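Biologist: I'd like to get to know this protein chain a bit better. Could you show me the sequence and the fold?

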Amino acid sequence: MPSHAKTAKVTVVMLLAMVAMFAPSVLWSVAGLEAAAGISVVGAMSGALAMTYNGLRPALLVSVAVGVASAIAVAVSAAWLPAAALFACLGLLIGWAGAKGWASAFGFVAISAGFSLGEHPLVSGEPVVEAVLLGLVMGSSALFAAGVVLVVLRRPMGSPIPALNPARARAYGLFLGLALGVGAGVVAGMGLAHAGAWLILTIV
């Protein structure tokens, strides 16, 4: 394929991926969950980028992980110790993914959970319902965006971050787990809200 044709294809794919990221936000607004529409963009971005660079299996795993991690993050958002434990585990998860070349995709699991922890919208008056609803919003948004990219792209473009050897992946996961655990504990303990979400994003 000529270079200009390849460039045009990549441009079109990326534009469609952006549409896939924002489409769930519109759909949630129409469904009456305007409060969750904004944060759903982060979940959709997770699925779209995982599918673009890593393929179907990682995208499915990321979508499920985004939903579960976001739900738990909402549930522990007022408790620093469970929040720290959750994000320490997410750091280890990213390290595991790094050994497969999926670190960038799984990094968005922690980012999605970080926004859910720091500034989750009030979509319900019940804490359990709030956690479940936001988990479903984030996970399904990721899955939707991944599906759109799959239809358009058909095959992944290749991971921007090469796979790490097992020793480096473990070290990376431990370091990131420690940093994310401390960061999430501070966010939950001090109620940092929007600033806390960006703190988690910066650490990742």
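Here is a short run of questions and answers about this chain.

Modeller: Before you ask, this is a predicted model: local features need pLDDT of at least 70, side-chain atom pairs count only at pLDDT 80 or more, and totals for chains, interfaces and linings use all residues. Residues are numbered from 1 along each chain as its sequence is written, and side-chain values use heavy atoms, with hydrogens and water left out.

Biologist: Okay, how many helices does the chain have?

Modeller: Helices (H or I, at least four residues) and strands (E, at least two) are DSSP runs, numbered from the N terminus. Going along from the N terminus, the order is α-α-α-α-α-α-α-α. There are 0 strands, and the helix count is 8.

Biologist: Which helix gives the most to the largest nonpolar core?

Modeller: A nonpolar core is a set of buried Ala, Val, Leu, Ile, Met, Phe, Trp, Tyr and Cys residues joined through side-chain atoms within 4.5 Å. This one has 51 residues, and Phe87, Leu90, Phe106, Val109 and Leu117 touch the most other members. Each of the helices α1 to α8 supplies at least two residues. The top giver, with 10 residues, is α5.

Biologist: Pro24 caught my eye. Is Pro24 buried or exposed?

Modeller: Buried means under 20% relative accessible area, exposed over 50%, and partly exposed in between (1.4 Å probe, protein chains only). Pro24 lies in helix α1. Its relative accessible area is 3%, so Pro24 counts as buried.

Biologist: Which residues is Pro24 in contact with, leaving aside its neighbours within four places in sequence?

Modeller: Contact means heavy atoms within 4.5 Å. Pro24 and Met138 are 114 residues apart in sequence, yet 9.4 Å apart in space, C-alpha to C-alpha. With those sequence neighbours set aside, the contacts of Pro24 are Ser40, Ala44, Ser141 and Phe144.

Biologist: And on the outside, which helix gives the largest share of the nonpolar patch?

Modeller: Patches are made of residues with over 30% relative accessible area and no salt bridge (a side-chain nitrogen of Lys or Arg within 4 Å of a carboxyl oxygen of Asp or Glu). Like charges are joined within 9 Å, nonpolar side chains (Val, Leu, Ile, Met, Phe, Trp, Tyr) within 5 Å. Here Leu178, Val182, Val186, Met190 and Leu199 form the patch, with about 460 Å² of accessible area together (Shrake-Rupley method, 1.4 Å probe, only the protein chains shown counting as cover). The largest share, 4 residues, comes from α7.
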